[in-house]
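Q: Please take the labels used for this model one at a time and set each value against its cut-off.

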Protein chains: 2
Amino acid sequence: MEKLRLLSLYSDFRKDLDYIEKELERAVDSESPIIRQASLHLLRAGGKRIRPIFVILASKFGTYSLEDVSKVAVSLELVHMASLVHDDVIDDSDMRRGLQTVKARWDNRIAMYTGDYIFSRALSSIGEIEVPAVHRLLSRTMLEICKGEIMQIEQQRKFDQSIRDYLRRIKRKTALLLSSSCELGALVSNASPSIVRKMSRFGYYAGMSYQIIDDILDITSTDEELGKPAGSDLLNGHLTLPVLYIKDDVEFRPFMERSFDKTLSHSDREEMLTYIRKSGAIEKAQAVSDLYLQKALKEIEGLPNSDARKAFFQIARFIGKRDF
Amino acid sequence: MEKLRLLSLYSDFRKDLDYIEKELERAVDSESPIIRQASLHLLRAGGKRIRPIFVILASKFGTYSLEDVSKVAVSLELVHMASLVHDDVIDDSDMRRGLQTVKARWDNRIAMYTGDYIFSRALSSIGEIEVPAVHRLLSRTMLEICKGEIMQIEQQRKFDQSIRDYLRRIKRKTALLLSSSCELGALVSNASPSIVRKMSRFGYYAGMSYQIIDDILDITSTDEELGKPAGSDLLNGHLTLPVLYIKDDVEFRPFMERSFDKTLSHSDREEMLTYIRKSGAIEKAQAVSDLYLQKALKEIEGLPNSDARKAFFQIARFIGKRDF
């Protein structure tokens, strides 16, 4: 149901998304069979292409050029893909979106260099845009993402962390790249400075809301829906917002400890997830996500009325209600 | 002795190199203690700063601006550093230049993200240069380096490879970044297209010569001189030029097989290295290095007579004779 709604939402600019998809395939093509296979494997595993969609929509508020939009969109989606490949090494993850990860199908070394390669491809794609502010913003964003990744390692398997730590982490993990997608889309189409700022904030708030929902779904969905084990975040030692609300609950604590030790049986995992679902923590986390969503909506209220503005509203509402 | 000569060579532009060194320290500074420590650890482990020196010298053939030169030089040295951090993960190396590697002192995950972080810093440094050709060249170079890294994994521990495979590998591993250092130096100072091309070729030939010597030194030096075990290349399953000349020698073959299996004792390793040293393979490899050096020298012969040209000659001669 939600999936269908998302598809109809995309249909308005399906042609441009298809073009970007082809450019993405072209970008990861390589004479090295391993790189080509690993990158295509990753690309075909899908994803919602939210970054390209944000670039397209934000560009509609300036002078839209599909060619420039595509270079920026390809670059951002590749940065995202590269960081996923490296994340799977860190988390030792074997499955993502129902498919084997690069590190599982090949090995950690191939995953590291495939990530590096895709990262470099991202740069060569955006390298063709001759707007210095674009490059400055992208490299600043990438620096922050890396800092976030190191923070995530530092805070992994640590009970002693605050909601503020979590929010800072997801800002770097997700919100900044979505914020940059919107901001770069506006920049590359020469939108006014005020629109560029609104876009940047919209992407940031939408990204925060989106990631909180993602972290909720990791607890409320089934393994099949997720394409990986439910509760993966906890099994990997990452504390997410719902868990932070109940981490000091004496009945819950042993689950968490055994999660971190990897001594949790399959049925214990089920029990743990049920415990979180019934604790009220999901609702609290959802309320925080909703707050960010309201802030995102407020930013687009101030945009000129247009199809793109309408689409942004639809996407924002989708983010708030999505179940995948 | 050689070290002293190199120092006097550097002294002509010591002030600019010192400035670049400070900018390098500034570039890797970070509020994350782990990133800061790991990057500074790496930076202070030293290195000859050949890439910055090449950028400085090449820039002397155009309109020299220390500020621009520094941004390019910092960026290239950081790309080099990032690739070393990732290489140490691949090779599972614990020592480099007599110091613990990042992956040994922290772990593989920290090493991966520290590499990513330094890589991003490299981009933000060069991002301030508003010459599109500069960005295109750098991203193309980084793509080729990644391809080379994947090739190196594919060919690791494989007996069946040719000298051509080796030359292709060291081109990507070393020569391209040195070629780009010279080319970017010339580009950023607006040197004439003919000088830009000469610089690019000089850096490439000098880089090929340099890497072959590096691979020879891995066999002819002591553990102390290298700051890591002599013969590391073979122990890591990488066939270098001298080894390729004797890999089919029936007496040598068992050494190589046990090297790859990691079943070689300390005294066997000594014996293996002595065997290579006495086989004539070193001299053959040296001759190939000399050939590349001649080509490099030929490129600078055509440059306008200047202190920078003189310095390039000195460096080229140093590369041919260095013993560290």
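A: The model is predicted. A starting case is the pair Glu299(B) and Arg201(B), whose side chains meet in a salt bridge at 3.0 Å, N to O.

Q: Why is the contact of Glu299(B) and Arg201(B) called a salt bridge?
A: The N to O distance is 3.0 Å, and the rule asks for a side-chain nitrogen of Lys or Arg within 4 Å of a carboxyl oxygen of Asp or Glu. The pair therefore meets the definition.

Q: What makes Glu299(B) and Arg201(B) a link between separate parts of the sequence?
A: Glu299(B) belongs to helix H16 (residues 281-301) of chain B and Arg201(B) to helix H10 (residues 193-220) of chain B, so the salt bridge ties together parts that are 98 residues apart in sequence.

Q: Why is Glu299(B) called buried, and what is Arg201(B) called?
A: Glu299(B) has a relative accessible area of 13%; buried means under 20%, so the label buried applies to Glu299(B). Arg201(B) has 36% and is partly exposed, the class between 20% and 50%.

Q: How do you know how far apart Glu257(B) and Arg253(B) are along their helix?
A: They are four residues apart in helix H14 (residues 253-261) of chain B, which means a separation of about one helical turn. Their side chains meet in a salt bridge at 3.6 Å, N to O. Glu257(B), at 36% relative accessibility, counts as partly exposed, and so does Arg253(B), at 25%.

Q: What makes the pair Arg136(A) and Glu130(B) one that joins two chains?
A: Their side chains meet in a salt bridge at 4.0 Å, N to O. Arg136(A) lies in helix H8 of chain A and Glu130(B) in the loop between helix H7 (108-126) and helix H8 (132-155) of chain B, so the pair joins two chains. The count between chain A and chain B is two salt bridges.

Q: Why is Glu130(B) called exposed, and what is Arg136(A) called?
A: Glu130(B) has a relative accessible area of 55%, and exposed means over 50%, so Glu130(B) takes that label. Arg136(A) is partly exposed, at 38%.

Q: Why is the relation of chain A to chain B called that of a two-fold axis?
A: Chain A can be laid on chain B with an RMSD of 0.0 Å by a turn of 180° and a shift of 0.0 Å along the axis. That is the relation of a two-fold axis. In chain A, the C-alpha nearest the axis belongs to Met112(A), 3.7 Å from it.

Notes:
Residues numbered from 1 in each chain as written. Chains lettered and ligands numbered in written order. Predicted model: local features only at pLDDT ≥ 70, side-chain atom pairs only at ≥ 80, totals over all residues. Heavy atoms only, no water. Least-squares fit on C-alpha atoms with pLDDT ≥ 70 in both. Buried < 20%, exposed > 50% of the residue type's maximum accessible area, 1.4 Å probe, protein only.
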